[in-house]
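Visitor: Please show me how to read a model of this kind, one feature at a time. I would like the general idea and then the case at hand.

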There are 2 protein chains.
Amino acid sequence: MSSRGKGRKRSAEAGHFAYTGLDRVLHEKARLGILTALITRPDGILFNDLKELCSLTDGNLSRHVQVLLEAELVEVWKGYEGRRPQTLVRLSATGRRQFVAYLEELEQVIRDAKPATRAAAQRSKSFKAPPGWMPA
Amino acid sequence: MSSRGKGRKRSAEAGHFAYTGLDRVLHEKARLGILTALITRPDGILFNDLKELCSLTDGNLSRHVQVLLEAELVEVWKGYEGRRPQTLVRLSATGRRQFVAYLEELEQVIRDAKPATRAAAQRSKSFKAPPGWMPA
């Protein structure tokens with residue numbers, strides 16, 4: 001009789017690794033980069049500069065800014081620099097609040113994972129599957 | 001004449017917020033949870049326990065484990081606990097290395113974003129768009 005499958009101890013931590021705070025709108029890799037750039041510039045970033053900072057194409061940046069705009073996480077302003085039409089993207093107050101909350105969940109992931117990285121390196125060498133277990 | 005659009009200073013940081021180390025296989029929210037759970041248990045986690053820890057359905061966990069298996073980030077072992085067939089999921093050596101590298105990039109995101117969160121809170125109240133600029 002093994003107690004391994006009963007999961008009593010596991011049950012106590014049910015959902016611990018669900019990270020529900022990692023909202024997909026903010027977590028998507030390109031949008032995470034855009035939001036990180038924007039939080040460092042409270043007055044906003046011109047579309048073309050943002051494109052460079054995040055290594056995105058026009059089309060990709062437009063698409064992601066649209067998603068962020070629909071979620072009300074950013075504001076988009078239109079204006080002119082000299083005679084050239086420009087677009088300014090800026091984190092909204094809602095965006096800032098939600099991104100700060102998202103970053104706290106991200107820090108929780110690191111707090112959960114980081115201390116385990118050294119132990120994992122040591123244990124992985126000594127792993128033996130239980131007798132009779134086979135790779136799938 | 002405004003120097004804002006010229007982006008000389010910006011260019012120096014081109015790609016800074018691209019976070020190319022955030023590999024989509026590892027970054028996807030559910031898989032990030034699975035990998036974080038697995039790194040805390042170097043001997044692996046039974047499928048049903050992992051399902052609970054990550055609040056995933058059978059189908060979702062199967063699908064994500066399959067993606068991780070194809071990327072050689074996890075090993076899957078089959079065996080019995082008593083008479084019940086069981087599946088054990090375990091981080092591979094490759095998975096551990098790649099996840100540790102991923103976590104380093106994630107820490108870079110936090111280092112970039114975190115110091116800006118307080119400044120952003122103060123500046124957002126005093127933001128005025130340049131004269132003539134309009135919300136899109």
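Visitor: Which residue is the bridge partner of B:Glu75 in β3(B)?

Guide: Strands of a sheet pair through backbone hydrogen bonds, either parallel or antiparallel. Here the partner of B:Glu75 in β3(B) is B:Arg90. Before going further, note that this is a predicted model: local features need pLDDT of at least 70, side-chain atom pairs need pLDDT 80 or more, and totals for chains, interfaces and linings use all residues. Residues are numbered from 1 along each chain as its sequence is written, chains are lettered from A and ligands numbered from 1 in the order written, and side-chain values use heavy atoms, without hydrogens or water.

Visitor: How many bridges join β2(B) to β3(B)?

Guide: Strands (E, at least two residues) and helices (H or I, at least four) are DSSP runs numbered from the N terminus, and two strands pair if DSSP finds at least two bridges between them. β2(B) and strand β3 of chain B (residues 84-91) are joined by 8 bridges and run antiparallel. Another residue of this pairing is B:Lys78, which faces B:Thr87 in β3(B). The two strands form a hairpin with 2 residues between them, where B:Gly82 takes a positive phi near 65°.

Visitor: What does the hairpin of β2(A) and β3(A) look like in its turn?

Guide: There are 2 residues between those strands, and A:Gly82 in the turn has a positive phi of about 65°. Pairing of β2(A) with β3 (residues 84-91) of chain A is antiparallel, over 8 bridges. A:Val74 has A:Leu91 as its bridge partner in β3(A).

Visitor: In what order do the strands of the open sheet with β3(B) lie?

Guide: To read a sheet, follow the pairings from one edge to the other. That sheet has 4 strands in the order β4(A)-β2(B)-β3(B)-β1(B), paired antiparallel. Its edge strands are β4 of chain A and β1 of chain B, each pairing on one side only. Strand β4 (residues 134-135) of chain A is held to β2 (residues 74-81) of chain B by 2 bridges, in the antiparallel sense. One of the residues there is A:Met134, whose bridge partner in β2(B) is B:Lys78.

Visitor: And which strands make up the open sheet with β3(A)?

Guide: The order is β1(A)-β3(A)-β2(A)-β4(B), 4 strands with antiparallel pairing. Between β2 (residues 74-81) of chain A and β4(B) there are 2 bridges. A:Lys78 stands opposite B:Met134 in β4(B).

Visitor: What rotation superposes chain B on chain A?

Guide: Copies are superposed by least squares on the C-alpha atoms of residues with pLDDT of at least 70 in both. Chain B goes onto chain A with a rotation of 180° and 0.0 Å of shift along its axis, at an RMSD of 0.0 Å. That is the relation of a two-fold axis. Of the interface residues of chain B, 100% are also interface residues in chain A, so the copies meet through the same surface.

Visitor: How many residues does each chain give to the contact?

Guide: Contact means heavy atoms within 4.5 Å. Chain A gives 73 residues and chain B gives 73 residues. Buried area is the accessible area (1.4 Å probe) that two parts lose on being put together, summed over both. The two chains bury about 7000 Å² between them, with 62% of it on carbon and sulfur atoms. B:Phe17, B:Lys29 and B:Trp133 supply 12% of the area that chain B buries against chain A, more than any other three residues.

Visitor: How many salt bridges does the rule find across the interface of chain B and chain A?

Guide: A salt bridge is a side-chain nitrogen of Lys or Arg within 4 Å of a carboxyl oxygen of Asp or Glu. The rule finds 6 across this interface, while the structure holds 10 over all chains. One of the pairs is B:Arg41 with A:Glu13, at 3.5 Å from N to O. B:Arg41 lies in the loop between α3 (29-39) and β1 (45-46) of chain B and A:Glu13 in the loop between α1 (8-12) and α2 (24-27) of chain A, so this pair joins two chains. B:Glu107 also forms a salt bridge with A:Lys114, with the closest N and O atoms 2.8 Å apart. Helix α6 (residues 93-126) of chain B contributes 20 residues to the side of chain B that touches chain A, the largest share.
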